Amino acid sequence: MQAEAPRTCSRRILLAVTGLSPQIVTETLYALAIATDPPFIPTEIHLVTTAEGAERARLALLSDKLGWFHRLCHDYALPPIAFDATHIHVLRDTDGRPMSDIRSPQDNLACADFITEQVRTLTADPDTALHVSIAGGRKTMGFFLGYALSLFGRPQDRLSHVLVSEPFENTWSFFYPTPYENVIETADKKLADARDARVSLAEIPFVSLRHGLPSALLDGRASFNATVDAARAALGPARLEIDLGSREVRAAGRSFRLPPAELAILAVFARRALAGEPALPAPPKDVPDMAWAARYLRELRAIVGPMRDMSSAEHALRGGMDGSYFSSRLSKLRSALDKHLGPAASTYRIDDGGNRPHRYRLALEAEAVQLLEPNARKLAIAGRGISHG
């Protein structure tokens, strides 16, 4: 329902970037709430802007004397909309100071990270609908805001640019078409009645990449570059690298560690994929399988090393591995991959073939898999430490 009718969501957010022209807030609000049928009336408004832009927005939209936001709500009898100074988010530089403008590569990167985090936070609640306007601010701000919505946006979210008819465009005195006569001076020094203005939205389609992002990025803070890299990796060619010595796995642009028990199961199938060996049936449910126990314990020994106590696993598998033991380890591996990779985990899960009797494999080509043995890692580290003077 939300994808088809975002206006029915209980929490409806208008998010905009602004610079020295806070008018885009009231213009966009008018277009959404009055000029659109059926209307989308936000329950709250959030702005991302510079330090000077924040002061302009506060004075022009929220002050007692001008207060064009409050005027619009009164003129058109809009329901309460949460919008005050706390909803104006000032860009911060790499040192955490309010940003007056975006002038350096460092400012650009800080701006991208700030906007990305705002969009991630506002889209975290599944019961919200987010309408993003890129009409204001510097072009880079609008680009980052639109790109962030592509990364985190959901079916109920929208992206738009506001269009204002001549001669009201770029006119400081114009904030929205009033329902009464309101003569203002236009940018070319002529007089015009604001009630004659036409304001509309140009909705911009966007491709949502959210489904490819790991849950760790969706649930926690991440930089713009890290989020873009994760999306690229999730959509790019599959590649699985396993370092048995460090217990580190690299897949879909992410690096993470797995517990030895789950890593051992993954290593069994990765080794078979490397060798081009066929899929394997699971051990029978109540009949221990010695071959399966041997495969699993071989990988587990390589992972934990000769000095670690494996008596518990060896005792549990002394008569072989049964179906329950296999299913438990496989289920925990799937949960771990889902946690670290999100939807991209589907490419790296152990495939059961889909038909009974199930036969399991890692559905990757040999060239997409790299398995680094513990001794090979030690040699590589030692090699890097040799002086070639």
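The second largest pocket of this predicted model has a volume of about 260 Å³. To display it, select Pro 6, Thr 36, Pro 38, Phe 40 and Glu 203, which lie nearest its centre among the 13 residues of the lining. Colouring that lining by class gives 6 nonpolar, 2 polar and 5 charged residues.

**From the pocket to Pro 38**

Keep Pro 38 selected and show the backbone on its N-terminal side. The peptide bond that leads from Asp 37 into Pro 38 is cis, with omega near 0°. Pro 38 itself belongs to the loop between H1 and E2. Most peptide bonds are trans. A second cis bond can be displayed by selecting Arg 356 and Pro 357, where omega is near -5°. Pro 357 sits in the loop that runs between strand E13 (350-351) and strand E14 (359-362).

**Arg 12 in strand E1**

Next, select Arg 12, a residue of strand E1 (residues 11-17). Is Arg 12 buried or exposed? Its relative accessibility is 17%, and Arg 12 therefore counts as buried. Leaving out residues up to four places away in sequence, Arg 12 touches Pro 6, Arg 7, Phe 40, Ile 41, Pro 42, Thr 43, Glu 44 and Ala 129. Pro 6 and Phe 40 have already been selected, as they are among the residues nearest the centre of the second largest pocket. Display the backbone of Ile 41 as well: the side chain of Arg 12 reaches its backbone oxygen at 2.6 Å. Then add Leu 130, whose C-alpha atom is 6.1 Å from that of Arg 12, although 118 residues separate the two along the chain.

**The largest pocket**

Move now to the largest pocket, which holds about 380 Å³ of space. Select Ser 21, Ile 24, Glu 27, Ala 135 and Asn 170, the closest to its centre of the 16 residues that line it. Which elements each supply at least two residues of this lining? They include H1 and strand E5 (158-164). By class, the lining of the largest pocket consists of 6 nonpolar, 8 polar and 2 charged residues.

**Helix H3 and its buried face**

Select helix H3 (residues 68-75) and show the side chains of Trp 68, Phe 69, Leu 72 and Cys 73, which are its buried residues. Turn the view to look down the axis of H3: these residues fall within an arc of 140°, and so they line one face of the helix. An α-helix has 3.6 residues a turn, so residues three or four places apart point the same way. To see what covers the buried residues of H3, add helix H1 (23-33), strand E2 (44-49) and helix H2 (51-62), which are among the covering elements.

Continue along the chain to Ala 77, just after H3, where phi is positive at about 50°. Further on, select His 87, in the loop between H3 and strand E3 (88-90). His 87 counts as buried because its relative accessibility is 12%, below the 20% limit for that class. Apart from residues up to four places away in sequence, His 87 touches Ile 45, His 46, Leu 47 and Ala 82.

**The loop between E6 and E7**

Select Thr 186 in the loop between strand E6 (183-185) and strand E7 (191-193). With a relative accessibility of 4%, Thr 186 counts as buried. Display Asp 188 with Thr 186: a polar contact of 2.3 Å joins their side chains. Beyond its neighbours within four places in sequence, Thr 186 is in contact with Pro 167, Thr 171 and Ala 192.

Lys 189 is found in this loop between E6 and E7 too. Is Lys 189 buried or exposed? Lys 189 is exposed, having a relative accessible area of 64%. Its phi is near 70°, a positive value in a residue other than glycine. Most residues other than glycine have a negative phi.

**Arg 247**

The last selection is Arg 247, in the loop between strand E9 (240-243) and strand E10 (248-251). Arg 247 is not a glycine, yet it has a positive phi of about 65°. At 17% relative accessibility, Arg 247 counts as buried.

How values were computed
Residues are numbered from 1 along each chain as its sequence is written. This is a predicted model: local features need pLDDT of at least 70, side-chain atom pairs count only at pLDDT 80 or more; totals for chains, interfaces and linings use all residues. Side-chain values use heavy atoms; hydrogens and water are left out. Buried means under 20% relative accessible area, exposed over 50%, partly exposed in between (1.4 Å probe, protein chains only). Helices (H or I, at least four residues) and strands (E, at least two) are DSSP runs, numbered from the N terminus. The arc is that of the directions from the helix axis to the C-beta atoms. Contact means heavy atoms within 4.5 Å. A polar contact is a pair of N or O atoms within 3.5 Å; within protein, one must be able to donate a hydrogen and the other to accept it, and residues adjacent in sequence count only if both atoms are side-chain atoms. On a 1 Å grid over the protein atoms alone, a cavity is a set of points where a 1.4 Å probe fits but cannot get out, and a pocket is an open set with protein on both sides within 12 Å along at least five of seven lines; lining residues have an atom within 4 Å of a point. Grid points are joined across faces, edges and corners, and a volume is the space filled by probe spheres set on the points. Ala, Val, Leu, Ile, Met, Phe, Trp, Tyr, Cys and Pro count as nonpolar, Asp, Glu, Lys and Arg as charged, and the others, Gly among them, as polar.
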